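Colleague: I am new to this structure and would like some help reading it. Could you walk me through it?

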Amino acid sequence: MEVAIVLGLPLSGAILLALVGQRAWAPELNATMSFATFFAAILLTARVIADGPILALNEQFFVDPFNVFLVALTAFVGFTTALFSRPYMRAEQDRGRLNAARLRLYHSMYQLFMFTMLLCLLSNNVGAMWVAMEGATLSTVLLVSLYRTPASLEAAWKYFILCSVGIAQALFGTILLYFAAEKVLGAGGGALLWTHLHAVRSQLEPTVLSLAFVFLLVGYGTKVGLVPLHNWLPDAHAEGPTPISAVLSGLLLNVALYSVVRSKVLVDGALGHGFSGGLMMGFGLLSVVVAAFFLSRQRDVKRMFAYSSIEHMGIMTFAFGMGGAVAAFAGLLHMTVHSLTKSAIFFTVGHASQVAGTQDMASIRGLVQASPTIGWGLVLGTLAILGLPPFGVFTSEFMVLTTAMHEHSWATPFLLVALGVAFASIFGKVQPMVFGESSVEPLKRGPALVPVFTHLAIVLALGLYIPPYLVGWYRQAAALIG
Amino acid sequence: MDAPFSTQLVNVLAALLLLIAFAMLSQRRVLTLIKLFAWQGAVLTASTVVVAWTTGYTDLYISAGITLSLKVILIPWLLHRLIDRLFIRWDIETLINIPTTMLIGIGLVIFSFALATPISQMASTLTRSTVGIALATVLLSFLMMIVRRKAVPQVIGFLAMENGVFFAATTATFGMPLVWELGVALDVLVATLIFGIFFFHIREQFESLDIRHMEKLRQD
Amino acid sequence: MSHVPAVAFQILQSVFVVLAAPLLVGWVNQCRAWLQNRSAPSILLPYWTLAKLFHKDVVIARGASPLFRATPYILFGCMWLAAGIVPVLATGLPFAPAADIIALVGVFALARVFSALAAMDIGTSFGGLGARREMLIGFLAEPAMLMTLFTAAFISGSTQLTTIVDTLGHRQFALHPSLAFAAVAFLMVLLAENARIPIDNPTTHLELTMVHEAMILEYSARHLALIEWAVAIKLFAYMTIGIALFVPWGIAEGGDWHALPLAVGALVAKLALAGAGLALIETLLAKLRLFLAPEFLSTAFLLGVLGMLTHFLVRG
């Protein structure tokens, strides 16, 4: 029941906003729908905590500890981003970069995007998961090119082509998975249900499954932003509107990683841990190292933080690849804190670029002086994402590093060097942006900083003290992942 | 040692599919590309019907109907309309010349056949060869997307890739559940529509659909 | 079967091929004229042309070497040998063990080398032009031809033409996609090697567009006659190879006189169809620009390789 509400709300929101999205009160409607979705997600979470995993609607939807916290996170970040986008988009409209018709498209696609991501998370049917991922790509493509500048068109084109190719590979992987499943479970819809596949996973044919996993990793990994399939990510983040950058970094990458991990659980049953783990560790490590080095060469602030997203997704993939209770716990925690921190950073950066009129880091100076909330928000966000204690990112990175040192010590130097390089680059670039003489004017409308500080507060709280029910929750999810 | 007639028919259709993928790789003109794509859809429909008739799964007939209406009729029509409105009639230049592209294509075919051999052994006799050919079609379409300079052939390459995947779905696994196939078909249609919208935006901005105009974002 | 009738078959076949080749060329020309709505020349015109040429006086350039004089005979001999060993009317003939497909391709290559050398012998620019173009096309066409023949060889398990024909002729009717690919590739190679449209226009008089004709510009009288005859025999040989590989039904066993009329009748019918088909292709297609010829031939090579790969995948 709750599942239907959680899914139905964004879908109806999309339809509604498609009709009235150009009105002046559309952003408020957007935020309200997102809040309602968040509320329904909380109810769903409470139900799962109380009753355990649930199968809904003829076994088509499955909610267990792993995806329910992601659902809650998605709905929460969706809500706060909708709050953020209210003044932000209005400011963009004032600057003349958008008109009412495009805002209508933006609002309805935003809700549609939320719907597809929640569908992907909640679905028990691996085919429906695929359809939802493709839907997520399609709904954001037109949003990346919203400003209709040459650069944004190029970014959206790259995004579309690369992600579509990736999705086609994932489709092939899904078909191979079905191929193996059919032998054991028989034809028909039952063979696509994850719970059924999970039950018989040791009986699935190993060769087919290994090939299927490779395709699924490459396909969904394109959307996670794993190197070398990451080319779309920096452009899409830099050229799209900031709320879209925030949800792409904060939510889409997570959901794609979720799909990869779900597939990994199935494959591990047939092949044992080594194959999939090795692949994921390899890709993860490659992403971390490459992203850290590219990071240092960026001049556009959003591109830099986009590469930071790639780096963090690499850390998460590496963690899930390592496997084991601690690493999986770390991966899940990192998913949460990264999502919150990165979206907070993008909120501040968005306002900062609005204030300065440019995204070029060399031209933004003295944010603290011009607009203290933006400046300090950026400082705190940067410190958080760089993994400084007492923020939550430090906890998860620490756990990943110690597990790596224990079990895979060859990888530790790479990780440390990459993290160090990223630290130096980001810190070195952000510091002149926030401190010193100001070259920018304050915004006419007040910036929306409540979401920023809420996120950062949660991340701080998670760094200092993780509530026991949350720990138990993560532990259960980690146990599922294996 | 001869296999039953239906197997031979499926093999012939699979070989035709591969041939069309290569023909697309070597084609210079956009109109011919669209026609080849329509033919590929027709071959896909025919193979689905043969498998449906042999195995008796009625769902596959519906799937064949969807493929026919979408990939043979609707999407080529959309592409034609797009080309008319954008006045596209070029002889396409490619990034590497055509004989080299063909040789790389052969390499990809060998690679996919080698990759698919262990899977083929699992499959029934009806569809033993088709997984390899489906994979080869996917890789060839991918190659086509990489070597083309203009936007429309890249899109057709993407659609051809979907065709290859669909071929694997219908012949290697005797069709996926119908609801899911509907979802995929819808996705493909929406993707094509969005591509179409895209082209107009690109054309507005750049006055050309040459991809080289869109290579400026190369800071790294 | 005793050896005497088989040897008789062999001689009969060789003589038949030599005599029938110009007729095939005449038939193709007739069909082409019909398709192009012109009034057709007599089907025996090539014979009259050969007779006329044999009566003329030979004119040779002053700097010509013995190679130049010898080449027409070498060409004629190569083509006659090739046509003699391809199973045209019957399989299991005495020369058949020599009829290995690789040897066959080698014989054609030998002919090509000599014609190119003779073209360059006089030192005219057109001769060099023609020789270079011929070598370009030949260099690409040979691998394609070999791939096609290998596909057929893999299906029948031997590279001897007679074994191939026997195996393919006696199978039940089955759809072989690999053979289909090989057939299309073979057709493309046939067009290229025999200087037909779309690679070369056999009726052109513009020297700069010539490939094959440019190599024989300097020849006259009986030399020219032998070369023209050799070209006709080459076309005949290629067509019969194609027929033997892809539509071999109706061929007689060596020494079986009773099957001979059927074999001859079947052959005539197939060649008539093939000739008409060739004329149709020549009428429908336009000549490709020379730099597109490598693409044409690499497509043929590719189809040949595809045929081989398909054979492996479908069988194994």
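**Confidence, contacts and fold**

Modeller: Let us begin with chain C, where the mean pLDDT (the predictor's confidence in each residue, from 0 to 100) is 85, and 93% of the residues reach 70 or more. This is a predicted model, in which local features need pLDDT of at least 70 and side-chain atom pairs count only at pLDDT 80 or more, while totals for chains, interfaces and linings use all residues. Residues are numbered from 1 along each chain as its sequence is written, and chains are lettered from A and ligands numbered from 1 in the order in which they are written.

Colleague: Which elements of chain C have the lowest and the highest mean pLDDT?

Modeller: Where pLDDT is low, the predicted coordinates should not be read in detail. In chain C, strand β2 (residues 252-253) has the lowest mean pLDDT of its elements, 64, and helix α2 (residues 45-55) the highest, 93. Helices (H or I, at least four residues) and strands (E, at least two) are DSSP runs, numbered from the N terminus. For the model, ipTM is 0.84 and pTM 0.81.

Colleague: How many residues of chain B and chain A does their contact take?

Modeller: Two residues are in contact if their C-beta atoms, placed from the backbone, lie within 7 Å. Here 35 residues come from chain B and 40 residues from chain A. On chain B, α4, α5 (130-147), α6 (151-172) and α7 (178-206) each give at least two residues to the side that touches chain A. The largest share, 12 residues, belongs to α7(B). By class, that side has 25 nonpolar, 6 polar and 4 charged residues; Ala, Val, Leu, Ile, Met, Phe, Trp, Tyr, Cys and Pro count as nonpolar, Asp, Glu, Lys and Arg as charged, and the others, Gly among them, as polar.

Colleague: And how many residues of chain B are in contact with chain C?

Modeller: There, 18 residues of chain B meet 17 residues of chain C. Both α1 (5-26) and α4 (98-122) of chain B supply at least two residues of this side, with α1(B) giving the largest share, 8 residues.

Colleague: Why is chain A said to be as compact as a globular protein of its length?

Modeller: Chain A has 19 helices and 2 strands. Its radius of gyration (taken over C-alpha atoms) is 21 Å, close to the 23 Å from the globule rule (2.2 Å times the number of residues to the power 0.38) for 482 residues, so chain A is as compact as a globular protein of that length. The C-alpha trace of chain A spans about 65 × 55 × 45 Å along its principal axes.
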